[in-house]
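Here's a quick briefing to read with the model open beside you. We'll go from the whole chain down to a few single residues.

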Amino acid sequence: MARLVENPSAGLPALLSGLTHEFQHASGADIVSLALLDDTTRTYYAPFVLGLPEEGLTAALADQTEQLGRYDTDRAEGKAPDDLHVRQYGSSVWLAVVQKTLVAAQAPSEVDSTFVRRYHIASMIGLPLLVHRRYLGHVYLNYCTEGEPSPPDPRLPRGDRLRELEELAAEAAHRILDTLADDARAALLGSGRLAQLLATPGADEEGEGPALRRRFAIALSELLYATGQAAASVYRLSAQGDTLDLISAQAPIAVPLQIPVPEGAADAGEVALASLRDVARRAGLHPVISQGLGPADQAPRGYLVVFSRDLLARVR
């Protein structure tokens, strides 16, 4: 039975970070990366890496998503080959489609990617994360050399060591699936509390009265608990559209009470993000999303800004 996570902030990101370290310890690889696939949207998310800076992870996810989209289009049009090879659409597509362990002992010739060339990767292992043929994502184990690679790398796991890594991948996939279920349950409970909290404003909550501010303060606390993020603030767009006025905030920083909106600005939410970025950075936070508030068929009346200590929180 899945264990109910009491604190969602210790959910999926903490698990994936820990798994990345487990794979590096078990494999001795120089670069270990992990990413999940959302099968509904066919996009990769939740990237983690050891042995490389994190700054390039968002671009790597976009590349993998684009490659998978190209394969899906070709398959729908009957153009995708029945016998898929790694070099046709890339290793991430091969893992998602074939769903078998990829062992590229001669990575420069077998994989032939800019990533392999840039980081002098001699050998590579790709492990699919599977639960009953459901593909959740992948783990890459890369073995690098100084200068020009001379594959195969002698550290490349084979035989029993490779089977142990495959068993670790199978166990990791089940742990990920359980945690996804726990996080979904926690998010559903949090959404229910938010909906109940904001459904019926009282008569004394018109305008910007203290009751409205209290309601938003409680709602932001519920939101941060449900998402595991660090801080949030709500701004109302003035009737003239020239300022964003603070309604409520749950943050360890002094966010501005008012943010000017330049004339002709296309998106006041992006103005809020840009204005809050420097303030947040001094506290080790990053404004990761600005969500418009108001009826879906109307222009936003205000904006919710969410802050995280993780620069990649949007994709994780």
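What share of the contacts in the protein with a separation of 6 or more comes from residues 24 or more positions apart? The figure is 53%. Keep in mind that this is a predicted model, with a mean pLDDT of 85. Two open five-stranded sheets are the things to look for, one ordered 2-1-5-4-3 and the other 8-7-6-10-9.

**The whole chain**

- The protein counts nine helices and 10 strands.
- Of its 316 residues, 42% are buried.
- About 16500 Å² is exposed, and carbon and sulfur atoms supply 53% of that area.
- As for confidence, 87% of the residues reach a pLDDT of 70 or more.
- Go easy on residues 1-9, where pLDDT stays under 50; the model gives this stretch 13 contacts beyond four places in sequence.

**The 2-1-5-4-3 sheet**

- Pairing in this sheet is antiparallel.
- At its edges sit strand 2 (43-50) and strand 3 (102-104), each pairing on one side only.
- From one strand to the next, the twist averages 15°.
- Helix 2 (residues 57-76) packs on this sheet and touches strand 1, strand 2 and strand 5; its direction makes about 140° with that of strand 2.
- Helix 4 (residues 91-98) lies across strand 2, strand 3, strand 4 (121-131) and strand 5, and it runs at about 140° to strand 5.

**Strand 1 and its partners**

- Strand 1 (residues 31-38) runs antiparallel to strand 5, and six bridges join the two.
- To find the register, put L36 opposite G137 in strand 5; S33 has Y140 as its bridge partner in that strand.
- Strand 1 also pairs with strand 2 in the antiparallel sense, again over six bridges, and D38 is bridged to T43 there.
- Why is strand 1 largely enclosed by the rest of the structure? Because seven of its eight residues are buried.

**H138, inside strand 5**

- H138 belongs to strand 5 (residues 134-144).
- Is H138 buried or exposed? It's buried, because its relative accessible area is 1%, against a cut-off of under 20% for that label.
- Its side chain makes a polar contact with the side chain of Q64 at 3.4 Å and another with the side chain of Y135 at 3.3 Å.
- Leaving out residues up to four places away in sequence, H138 touches S33, L34, A35, Y44, Q64, S92, L95, L127 and L129.

**Two positive phi values**

- Most residues other than glycine have a negative phi, so the next two are worth a look.
- R42 has a phi near 60° and lies in the loop between strand 1 and strand 2. That hairpin has four residues between its strands.
- Q99 also has a phi near 60°, and its place is in the loop between helix 4 and strand 3.
- Which of the labels buried, partly exposed and exposed fits R42? R42 is partly exposed, given its relative accessible area of 27%.
- Q99, on the other hand, is buried, with a relative accessible area of 13%.

**The 8-7-6-10-9 sheet**

- This one is antiparallel in its pairing, and its edge strands are strand 8 (258-260) and strand 9 (286-293), each pairing on one side only.
- Neighbouring strands here are turned by 25° against each other on average, direction ignored.
- Helix 8 (residues 210-227) packs on the sheet, where it touches strand 6, strand 7 and strand 10 (302-308). The direction of helix 8 makes about 65° with that of strand 7.
- Strand 6 (residues 231-237) pairs with strand 7 (residues 243-250) in the antiparallel sense over six bridges, and L237 stands opposite L244 in strand 7.
- Which strands does helix 9 (residues 268-281) lie across? They are strand 6, strand 7, strand 8, strand 9 and strand 10, and helix 9 runs at about 155° to strand 9.

Definitions and conventions:
Residues are numbered from 1 along each chain as its sequence is written. This is a predicted model: local features need pLDDT of at least 70, side-chain atom pairs count only at pLDDT 80 or more; totals for chains, interfaces and linings use all residues. Side-chain values use heavy atoms; hydrogens and water are left out. Two strands pair if DSSP finds at least two bridges between them. Axes are lines fitted to C-alpha atoms, for helices over the stretch in contact, and angles run from 0 to 180 degrees between N-to-C directions. Contact means heavy atoms within 4.5 Å. Buried means under 20% relative accessible area, exposed over 50%, partly exposed in between (1.4 Å probe, protein chains only). A polar contact is a pair of N or O atoms within 3.5 Å; within protein, one must be able to donate a hydrogen and the other to accept it, and residues adjacent in sequence count only if both atoms are side-chain atoms. pLDDT is the predictor's confidence in each residue, from 0 to 100. Accessible areas come from the Shrake-Rupley method with a 1.4 Å probe; for residues, only the protein chains shown count as cover.
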